[in-house]
Structures are given as structure tokens and as C-alpha cells.
Amino acid sequence: MKHWNILPKIDWCKLLIVLGITALAIEFFQAVYTSRNWVIVHDAPLMQYLAQIMLQGAVPYRDTFDMNFPVTYLIHMSEQLLFGESDFGFRVFDLVWLAMTCTGIALVLQKEGRMAQISGALFFACYHLGMGNLQMAQRDYLM
């Protein structure tokens, strides 16, 4: 007597990968939601202030004294012009930069397949958001 197997054969490895990616995606969205009220801390307020006075006409290295390269000021001035001078505007800038970084990670992992692209980008995003507002748009992250 022949038994009919009506259940599809399950690829447990792929199922575990999909469950892991789903857990990462849930963690990512939760971290983005809880980060909405983060304030600027660490080095970013200094760079924001210097960018603000440069937008008002101050000349870097003459009117201001700081050890950062000009691109750092350019990034912060662009952020202020595009998103405003508020903490929320800075938060939006950080999330936009995170999206661009994750896109770059996905492009690098293109040959490895869709699962690698998604998991690589989500791992980086969760790592960045998991460090809290101390890592929000810091120099090493922007580089």
C-alpha cells in the first residue's frame, strides 16, 4: 500500500534563515521606532554648532578652531540645510545615511544572493541602532 505524503518537504535551513531575518527585521523596526526621540550627543553637537556658524559666514580654521577635515563640516552643513537644525532633523539624516549604507552593503553582497543581502544590511542596521544615540552620525559611521 502506497502512502501519499501531502505535506511539502521542508527545507529547514532556509526556514531558519527566513525566521532569523524576520527576527532581525522586527528588531530593526522596533529600534527605529524607539530611536525617534534620541538627542544629539558626543561629538555631533560640536560639529553641528560649527556648521551652523559656518552657514552664518564664519570661515573654518580661521574663525573656528577644530581638528576635523572640511568634508565633516560640509556633511553637517548639508544636513542642516536639508533637514533643519533640530534633533529630529538630525535623526532623520542619520536614518537616511543608514539606508544608504545598507544599500551599499546589499550591493557588495549582490553575488552572494538575496538572503545575504538582506541579512547583511539588517545586521549592520541593528548593530548601528543598538549602540544608541552615542553612535548617531559619528565620524567613523559617516566615513
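Tutor: Buried means under 20% relative accessible area, exposed means over 50%, and partly exposed covers what lies in between. Please keep in mind that the model we are reading is a predicted one.

Student: Where does I10 lie, and is I10 buried, partly exposed or exposed?

Tutor: I10 sits in the segment before α1, the helix of residues 12-34, and because its relative accessibility is 46%, I10 counts as partly exposed. I10 also takes part in a nonpolar surface patch of about 530 Å², to which W12, L15, L16 and L19 contribute as well.

Student: How should I check the span of a helix, and what do the end C-alpha atoms of α2 show?

Tutor: The general idea is to multiply 1.5 Å by one less than the number of residues. Helix α2, residues 44-55, has twelve residues and should therefore span 16 Å, and its end C-alpha atoms are indeed 16 Å apart, which agrees. Helix α5, residues 114-130, can be read in the same manner, for its 17 residues reach 24 Å from the first C-alpha to the last, close to the 24 Å expected.

Student: Which residues of α2 and of α5 are buried?

Tutor: In α2 the buried residues are A44, M47, Q48, L50, A51, I53 and M54, while in α5 they include Q117, S119, G120, A121 and L122, along with A125, C126, H128 and L129.

Student: What is the phi of the glycine that follows α2, and of the one just after α5?

Tutor: G57 follows α2 with a positive phi near 120 degrees, and G132, just after α5, takes a positive phi of about 80 degrees.

Student: Q48 was listed among the buried residues of α2; which side chain makes a polar contact with the side chain of Q48?

Tutor: A polar contact is a pair of N or O atoms within 3.5 Å, and here the side chain of H76 makes one with the side chain of Q48 at 2.7 Å. H76 is found in helix α3 and is buried, because its relative accessible area is 2%. Leaving aside residues up to four places away in sequence, H76 touches A44, M47, Q48, A51, F90 and L142.

Student: What does the side chain of Q80 reach, and at what distance?

Tutor: The side chain of Q80 reaches the backbone oxygen of Q48 at 2.8 Å. Q80 lies in helix α3, residues 70-83, and since its relative accessibility is 7%, Q80 counts as buried. With residues up to four places away in sequence again set aside, Q80 touches Q48, A51, Q52, L55 and E85, so that Q48 and A51 appear in the contacts of H76 as well as in those of Q80.

Student: How many salt bridges does a search of the whole structure find?

Tutor: A salt bridge asks for a side-chain nitrogen of Lys or Arg within 4 Å of a carboxyl oxygen of Asp or Glu, and the search of the whole structure finds two. In one of them D63 pairs with R62, the closest N and O atoms being 3.1 Å apart; R62 is exposed at a relative accessible area of 63%, whereas D63, at 41%, counts as partly exposed.

Student: Are D94 and R91, which also meet in a salt bridge, buried or exposed?

Tutor: Both D94 and R91 are buried, and their side chains meet at 2.5 Å, N to O. Because they are three residues apart in helix α4, residues 87-108, D94 and R91 are separated by about one helical turn.

How values were computed:
Residues numbered from 1 in each chain as written. Predicted model: local features only at pLDDT ≥ 70, side-chain atom pairs only at ≥ 80, totals over all residues. Heavy atoms only, no water. Patch = residues over 30% accessible without salt bridge, like charges linked within 9 Å, V, L, I, M, F, W, Y side chains within 5 Å. Areas by Shrake-Rupley, 256 points an atom, 1.4 Å probe, with all protein chains shown as cover. Helix = DSSP H or I, 4+ residues; strand = E, 2+ residues; numbered from the N terminus. Buried < 20%, exposed > 50% of the residue type's maximum accessible area, 1.4 Å probe, protein only. Polar contact = N/O pair within 3.5 Å; in protein donor to acceptor, adjacent residues only side chain to side chain. Contact = heavy atoms within 4.5 Å.
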